[in-house]
Amino acid sequence: MKIGDIKNLVKSKPVKIVLICLAALALLLAVWKVFFASEPIRSDAYQATEEEKRLATLLEKIDGVTDATVMIGRNDDTTSVVVVFEGTDGILTRLRITEVAASALGVVQSSVIVYAA
């Protein structure tokens with residue numbers, strides 16, 4: 001194939017359309033890779049245990065709680081619980097979260113700390 005043949009091929013309308021589509025596809029792929037590719041999970045990031053996930057799911061069923069994150073800490077004879085929730089922040093919502101978390105884990109209510117996000 002000669003250079004003149006290649007120039008004539010590139011000048012044809014169907015080939016131009018295909019080349020433009022390929023360029024647009026490459027651009028879309030690059031934009032997706034830069035802005036929408038998922039970030040890798042950091043190895044030092046906290047991973048919730050099954051017990052914490054189950055309690056968070058239970059807490060999300062409380063009226064006024066749309067999302068909950070739970071961290072349970074156990075040291076020797078003591079258990080402490082931290083709950084961070086999104087939703088309606090009020091004393092009744094916090095009281096319900098504290099009661100449910102304490103009852104589910106079998107700990108005293110004073111060892112459950114509740115924060116609104």
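A residue is called buried when its relative accessible area is under 20%, exposed when that area is over 50%, and partly exposed in between. With these terms in hand, the tour of this predicted model may begin.

**First selection: S111.** Please select S111, which is placed in the loop between α4 and β3 (112-116). Its relative accessibility is 14%, so S111 counts as buried. Keeping S111 selected, display its surroundings: leaving aside residues up to four places away in sequence, S111 touches T79, S80 and V81. For T79 there is a further detail to inspect, since the side chain of S111 reaches the backbone oxygen of T79 at 3.4 Å.

**Second selection: A104.** Move next to helix α4, which spans residues 91-105 and contains A104. Is A104 buried, partly exposed or exposed? Its relative accessible area is 44%, and A104 is therefore partly exposed. Now add L55 and L58 to the selection; A104 touches both of these residues, with those up to four places away in sequence not counted. A distance drawn between the C-alpha atoms of A104 and L55 should read 7.5 Å, although these residues lie 49 residues apart along the chain.

**Third selection: L29.** Turn then to helix α2, residues 13-35, where L29 is found. L29 has 55% relative accessibility and so counts as exposed.

**Final selection: the patch around L29.** Extend the selection from L29 to L27, V31, W32, V34, F35 and F36, and show the surface. Together with L29, these residues make a nonpolar surface patch of about 810 Å².

Methods. Residues are numbered from 1 along each chain as its sequence is written. This is a predicted model: local features need pLDDT of at least 70, side-chain atom pairs count only at pLDDT 80 or more; totals for chains, interfaces and linings use all residues. Side-chain values use heavy atoms; hydrogens and water are left out. Patches are made of residues with over 30% relative accessible area and no salt bridge: like charges are joined within 9 Å, nonpolar side chains (Val, Leu, Ile, Met, Phe, Trp, Tyr) within 5 Å. Accessible areas come from the Shrake-Rupley method with a 1.4 Å probe; for residues, only the protein chains shown count as cover. A salt bridge is a side-chain nitrogen of Lys or Arg within 4 Å of a carboxyl oxygen of Asp or Glu. Helices (H or I, at least four residues) and strands (E, at least two) are DSSP runs, numbered from the N terminus. Buried means under 20% relative accessible area, exposed over 50%, partly exposed in between (1.4 Å probe, protein chains only). Contact means heavy atoms within 4.5 Å. A polar contact is a pair of N or O atoms within 3.5 Å; within protein, one must be able to donate a hydrogen and the other to accept it, and residues adjacent in sequence count only if both atoms are side-chain atoms.
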